[in-house]
Every structure is written in C-alpha cells, then in structure tokens.
Amino acid sequence: MKKWKTLSTKVVKKNPWWEYRLDRFELPSGKKGRFHYMHTPGVAFIVAVDAEGRVAWINNYRYLFQKVGLELPGGGVKPADTFRQTAAAELKEETGLTARHLKKIRDFYSNNGLSDEKAQVFLATGLTQEEATFTETEQISLCWLTVLEADRAITTNRVKDSLTIAAWALARPHVLKLIKKR
C-alpha cells in the first residue's frame, strides 16, 4: 500500500489536553482531500500488581457520562514528559502507589480513525502505598481486584472504558506470569 502525502497541517482548536487538527493530503492517485482528527502527546496506563497478586483499579467519576467507571490508572502524557514519567506520576496521583519496578508491556493506538493518540501499558511492581494527590477535577477511589474479579468486571459490563479493556487484555498475560512465579 502506498502512503498518503501530507500537504499541510492546521491546528483548528487547542486546549491543555489535545488539539483538533485538519490535514490536507494527497492520495497516491493524485486526488486531494482533508482529514480531521484529534492530536495528543499520548496516554499511559498502569497495571499495578501487589505482593498478593491483586491489581490496582480505580473507581473514577466521568463527567461526560455522569457516572463512576471502573478503570485502570492512567492519564495523558504532558508535552515535556515521557510515557514512563507519565505512568509513574499517574500511578502516584490516582492511587497513592509508587512502584520500584515499572516495565513497559506494549503500546497501541487508542482510536486510529479519529485520533493519532498512542497508548502505552506499563506493569508496576514493588509497590509502596502513600497518599494520593488528585487534581481538583478528579474523584477517584482505589480498589484491588484479582485477575478473575477483573475479568468478571469486564464481562459483566462493569468496565466500559475501551482503553482500559485494551490495556487489560495486553497486560493480563504478564500479570498471570508474574503471579505464577510467586
């Protein structure tokens, strides 16, 4: 397959979290078009496993749906930060946990038809509990689930966030392998 040629990129709107962009492009056939999308620096998700093999999940209030959702800890990468720095910071902010070991598992695209956002999933071990440091707009509580409980939360529709489901699918084999070693 031949790549499309980007002719120009225009930032239509910008806020602290993402940009709405409009690209003009040229197809391999020579036909020109426009592509609207959301640009972000990326997002990091953390699968934190404690000494008992339980995984840290969060109950997180989401304004758009006016509901609390069960999710894995995570958040957007700030322009000056790396995915790893974001993972460590979000884990501490949302759960109060710090990890002695933070291992990148994999990355994936969050919604490749609407956004250029890349997500990275990290496995966190060697956990220490401290105080969580929520931002003003966050209402979060920490909960611990076994692998079976996490799987059940997804299959019973308790987890509705697609990025959390994708991150869990990628991390789950690593969590099982870790638990098996113990």
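Asp-151 is located in helix α2, which spans residues 147–155. The structure described here is a predicted model. With a relative accessibility of 18%, Asp-151 counts as buried, because buried means under 20% relative accessible area. When residues up to four places away in sequence are not counted, Asp-151 touches Trp-168 and Arg-172.

**Helix α3**

Helix α3 comprises residues 162–181. Its 20 residues reach 29 Å from the first C-alpha to the last, which is close to the 28 Å expected at 1.5 Å a residue. The helix nevertheless bends by about 40° at Ala-171. A proline, Pro-173, follows within four residues of Ala-171.

Which residues of α3 are buried? They are Leu-163, Thr-164, Ala-167, Trp-168, Leu-170, Ala-171, Val-175 and Leu-178. An α-helix has 3.6 residues a turn, so residues three or four places apart point the same way. The cover over the buried residues of α3 includes the strands β4 (43–48), β5, β6, β8 (97–109) and β9 (118–129), together with helix α2. Two of the buried residues, Trp-168 and Ala-171, have been named already: Trp-168 is touched by Asp-151 of α2, and Ala-171 marks the bend.

His-174 also belongs to helix α3. Its relative accessibility is 28%, and His-174 therefore counts as partly exposed. Leaving aside neighbours within four places in sequence, His-174 is in contact with Lys-103, Ile-105 and Leu-123. His-174 and Val-47 are separated by 127 residues in sequence, while their C-alpha atoms are 9.7 Å apart in space.

**The sheet beside helix α3**

Helix α3 lies across β5 and β6 and runs at about 175° to β5. These two strands belong to an open sheet of three strands, in the order β6-β5-β10 and with antiparallel pairing. Why does one side of β6 and of β10 lack a neighbour in the sheet? Strands β6 (67–71) and β10 (140–145) stand at the edges, and each has a single partner strand, so one side of each is left without a neighbour. From one strand to the next, the twist of this sheet averages 25°.

Strand β5 covers residues 55–62, and its antiparallel pairing with β6 extends over five bridges. Within this pairing, Tyr-61 stands opposite Val-68 in β6, and Asn-60 stands opposite Gly-69 in β6. The hairpin of β5 and β6 has four residues between the strands, and Gln-66 in this hairpin takes a positive phi near 55°.

**The sheet of β1, β2 and β3**

Another open sheet of three strands has the order β1-β2-β3, again with antiparallel pairing. Strands β1 and β3 (32–39) form its edges, and each pairs on one side only. The twist in this sheet averages 20° from one strand to the next. Strands β2 and β3 pair in the antiparallel sense over eight bridges. Tyr-20 stands opposite Met-38 in β3.

**Aromatic pairs**

How many aromatic pairs does the structure hold? There are three, and two of them are described here. The rings of Trp-4 and Phe-25 have centres 4.5 Å apart and planes at 25°, so this pair is stacked. The pair links distant parts of the chain, since Trp-4 is in the segment before β1 (5–14) and Phe-25 is in strand β2 (residues 19–26), 21 residues apart. The aromatic pair of Phe-35 and Tyr-37 is tilted, with 6.1 Å from centre to centre and 50° between the planes.

The table gives the accessibility of the residues in these two pairs.

| Residue | Relative accessibility | Class |
|---|---|---|
| Trp-4 | 48% | partly exposed |
| Phe-25 | 11% | buried |
| Phe-35 | 32% | partly exposed |
| Tyr-37 | 12% | buried |

In the stacked pair, Trp-4 is partly exposed, whereas Phe-25 is buried. In the tilted pair, Phe-35 is partly exposed, whereas Tyr-37 is buried.

Definitions and conventions. Residues are numbered from 1 along each chain as its sequence is written. This is a predicted model: local features need pLDDT of at least 70, side-chain atom pairs count only at pLDDT 80 or more; totals for chains, interfaces and linings use all residues. Side-chain values use heavy atoms; hydrogens and water are left out. Two strands pair if DSSP finds at least two bridges between them. Axes are lines fitted to C-alpha atoms, for helices over the stretch in contact, and angles run from 0 to 180 degrees between N-to-C directions. Contact means heavy atoms within 4.5 Å. Rings of Phe, Tyr and Trp (its six-membered ring) pair if their centres lie within 6.5 Å; planes under 30 degrees apart count as stacked, over 60 as edge-to-face and the rest as tilted. Buried means under 20% relative accessible area, exposed over 50%, partly exposed in between (1.4 Å probe, protein chains only). The expected span of a helix is 1.5 Å times one less than its number of residues. The bend at a residue is the angle between axes fitted to the seven residues ending there and the seven starting there.
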